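Colleague: I should like to learn how the terms used for a protein model are justified. May I ask about them one by one, beginning with the pocket?

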Amino acid sequence: MTDAADATPGTASAGNTSDQGAAEASADTATVPPMISMRNVDKHFGDLHVLRDVNLEVPRGQVVIVLGPSGSGKSTLCRTVNRLEPIDSGTIAVDGVELPAEGRALAKLRADVGMVFQSFNLFAHKTIVDNVMLGPIKVRRIDKKQARARALELLDRVGIADQADKYPAQLSGGQQQRVAIARALAMNPKVMLFDEPTSALDPEMVNEVLEVMVALAKEGMTMLVVTHEMGFARRAGDRVLFMADGRIIEDAAPETFFTAPASERAKDFLGKILSH
């Protein structure tokens, strides 16, 4: 997990003997594009204006939490990053590459962007390990033996290696969501998008999924997470974005947002959420 201050380019080290090295490091950092960049993004669903002139940069290694009331545009924002939802105007880039409109270039870029949805979207007729192997074999063209070894490693990482040969219907909802995370990680993504990954789970299954996500954050994965899990936001997030009416109303460090929100909309939202 990377602090926002750490991601700011141009910070030089003190000391005369390291001035040149610091300047070179600063120049190198300045040329590194943000992992996600959104510029003047607008999106409509018919007459409904769901994203309004959204501007956002997410440096590599940063964990950004997106909060807001229902209908604020959170999930749409998340889904535009890999063009699951096309935008009407503006630009979106991942690791410095602007999203292609369609075709192989878009498919290639999507392979670098892992996404975990509310629903698990696992193939019911395939075993757990086969679900995790499928993308690397079909998209990355990885050898089946290598893909299986990697899939088993990832299933162990999310705590369900012992479920590898079972089918999705034999697993709990929390276990299936952990499979979905392992499947996304199997593609070696540059960034992970989470669209309310715990909202469809029973309460007792939520923590097992959040623990996997916290571990990913600590390992330095760039993450954009739409969630209502306030504890996770405070524990794992580097930044909190608060959205309302298709706009980013606040962009702050978690502690600042939760203890001293700047807008009345955010104060009202937190009052309702934290009182339950």
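Modeller: Please keep in mind that this is a predicted model. The largest pocket holds about 590 Å³ of space.

Colleague: Which residues and elements line the largest pocket?

Modeller: There are 21 lining residues, and those nearest the centre are Arg110, Val113, Met115, Arg183 and Met187. Helix H3 (103–110), strand E6 (113–116), H4 and H6 each give two or more residues to the lining. The largest share, four residues, comes from H4.

Colleague: What is the lining of the largest pocket made of, by class?

Modeller: It has 14 nonpolar, five polar and two charged residues.

Colleague: Which residues of helix H4 are buried?

Modeller: In helix H4 (residues 128–138), the buried residues are Ile128, Val129, Asn131, Val132, Met133, Gly135 and Pro136. The cover over them includes H5 and H6.

Colleague: How do you know that the length of helix H7 agrees with what is expected?

Modeller: Helix H7 covers residues 203–218, which is 16 residues. The expected span takes 1.5 Å times one less than the number of residues, so H7 should span 22 Å. The C-alpha atoms at its ends are 24 Å apart, and this therefore agrees.

Colleague: Which residues of H7 are buried, and what covers them?

Modeller: Met205, Val206, Val209, Leu210, Val212, Met213, Val214, Leu216 and Ala217 are buried. Their cover includes strand E3 (63–67), helix H5 (144–157), helix H6 (173–185), strand E7 (191–195), strand E8 (222–226) and helix H8 (230–236). After H7 comes Gly220, which has a positive phi, near 95°.

Colleague: Why is the contact between Arg39 and Glu57 called a salt bridge?

Modeller: The term requires a side-chain nitrogen of Lys or Arg within 4 Å of a carboxyl oxygen of Asp or Glu. The closest N and O atoms of Arg39 and Glu57 are 2.3 Å apart, so the pair meets the definition. Arg39 lies in strand E1 (residues 36–45) and Glu57 in strand E2 (residues 48–58), so the salt bridge ties together parts that are 18 residues apart in sequence.

Colleague: Why are Arg39 and Glu57 called partly exposed?

Modeller: A residue is buried under 20% relative accessible area and exposed over 50%, with partly exposed in between. Arg39 has 33% and Glu57 has 38%, so each value falls in between.

Colleague: How do you know that Arg79 and Glu85 form a salt bridge, and why does each have its exposure class?

Modeller: Their closest N and O atoms are 3.9 Å apart, and this is within 4 Å, so the term applies. Arg79, at 25%, is partly exposed, whereas Glu85, at 18%, lies under 20% and is therefore buried.

Colleague: What makes Arg148 and Asp165 a salt bridge, and which parts of the chain does the pair link?

Modeller: The distance from N to O is 3.8 Å, which is within 4 Å, so the definition is met. Arg148 is in helix H5 and Asp165 is in the loop between H5 and H6, and these distant parts of the chain are 17 residues apart. Arg148 is partly exposed at 33%; Asp165 has 54%, which is over 50%, and is therefore exposed.

Colleague: Which residues do salt bridges with shared partners join into one network?

Modeller: Lys43, Arg79 and Glu85 are joined in this way. The structure holds 16 salt bridges.

Key. Residues numbered from 1 in each chain as written. Predicted model: local features only at pLDDT ≥ 70, side-chain atom pairs only at ≥ 80, totals over all residues. Heavy atoms only, no water. Buried < 20%, exposed > 50% of the residue type's maximum accessible area, 1.4 Å probe, protein only. Contact = heavy atoms within 4.5 Å. 1 Å grid on protein atoms, 1.4 Å probe; cavity = no way out; pocket = protein on both sides within 12 Å on 5 of 7 lines; lining within 4 Å. Points joined across faces, edges and corners; volume = space filled by probe spheres on them. Nonpolar A, V, L, I, M, F, W, Y, C, P; charged D, E, K, R; others polar.
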